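Welcome! Please take a moment to look over the sequence and the 3D view before reading on.

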Amino acid sequence: MRIALVGAGNVATCMGPRLKAAGHDIVCVYSRTMQSASVLAGRLGTEAVTSLADMPQADVYLTMLKDDALLELAADIVRGREKSLFLHTAGSIPMSVWTDAGARDCGVLYVMQTFSKTSVIEWGEVTAFIEGASDSIRELALSLTPNVVGLSSDGRRRLHLAAVFANNFSNHMFTISQRLMEKDGVPFSVMLPLVREEVRKLESMSPSDAQTGPAVRGDRAVVEEHMALLADEPAWARLYELISKDINDKL
């Protein structure tokens, strides 16, 4: 397929090379800044553009923008290209953003993974969730990963919420852990074996069965001691209390 990448951020930086390696023709990379567009375009051996009007014709316009930018630019992306396939990769934006913009053939390609420009993605392990009637959407998704699942916009919104809990919120917990240990000069790296073992357990048991710690044991004395240690961090203390009570409402 001839694919125009609309966006040059973390998702595009990871997905673009995978699509090219699968044999697709990446016809351009769009970004609002030439620096961002040219870096990724250079890696892919294609054209960098900073104007949507300058994007060449493509079979697929794969849009990987921030949510507010997608909502702002959808109509401009579609205009004059209505016969192409339009896809976005956002978890919280419905497929209707395309039909509202005048697209005839459209959908969503949402990959369940966290991306950064330095990520090395194990594509065979991730799942792509797709929405839309075109067979080309599944074909494109299968060129990324063998794990492809159909999911509605409502289902994807719930999936995105679940991902925020599993990934974004857990990473914030790591940040709090790091800051607590910094007070005694202990590096966060000492936690990595603990984190790896927790993830390893989740490969063979449910998260609820893997839960350990003072809250699940109902160890009120330890919970109260931890709360006291957080006296100078009231926001963290409140967070600790809320999560502990959610784990065990008898606390």
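Here is a short tour of two places in this structure, which is a predicted model. One topic is how helix 10 packs with helix 11, and the other is the two sides of helix 2.

**Helix 10 and helix 11**

- Two packed helices are described by the angle between their axes and the distance between the axes.
- Helix 10 spans residues 220-229 and helix 11 spans residues 234-247; their axes lie 9 Å apart, at an angle of about 160°.
- Because of that angle, helix 10 is roughly antiparallel to helix 11.
- The crossing of helix 10 and helix 11 is right-handed.
- Helix 10 makes the contact through Val222, Val223, His226 and Met227, while helix 11 brings Ala237, Tyr240 and Glu241.
- Sorted by character, the residues of this contact between helix 10 and helix 11 are 5 nonpolar, 1 polar and 1 charged.

**Helix 2 and its two sides**

- Which residues of helix 2 (residues 34-44) are buried? They are Ala37, Leu40, Ala41 and Leu44.
- These buried residues cover an arc of only 105° around the axis, so they sit on the same side of helix 2.
- An α-helix has 3.6 residues a turn, so residues three or four places apart point the same way.
- Gln35, Val39, Gly42 and Arg43 are exposed on the other side of helix 2.
- The cover over the buried residues of helix 2 includes strand 1 (2-6), helix 1 (10-21), strand 2 (25-30) and strand 3 (47-49).
- Gly45, just after helix 2, takes a positive phi of about 65°.

How values were computed
Residues are numbered from 1 along each chain as its sequence is written. This is a predicted model: local features need pLDDT of at least 70, side-chain atom pairs count only at pLDDT 80 or more; totals for chains, interfaces and linings use all residues. Side-chain values use heavy atoms; hydrogens and water are left out. Axes are lines fitted to C-alpha atoms, for helices over the stretch in contact, and angles run from 0 to 180 degrees between N-to-C directions. Helices (H or I, at least four residues) and strands (E, at least two) are DSSP runs, numbered from the N terminus. Angles under 35 degrees count as roughly parallel, over 145 as roughly antiparallel, 65 to 115 as roughly perpendicular and the rest as oblique. A crossing is left-handed if the near helix is turned anticlockwise from the far one by less than a right angle, and right-handed if clockwise. Contact means heavy atoms within 4.5 Å. Ala, Val, Leu, Ile, Met, Phe, Trp, Tyr, Cys and Pro count as nonpolar, Asp, Glu, Lys and Arg as charged, and the others, Gly among them, as polar. Buried means under 20% relative accessible area, exposed over 50%, partly exposed in between (1.4 Å probe, protein chains only). The arc is that of the directions from the helix axis to the C-beta atoms.
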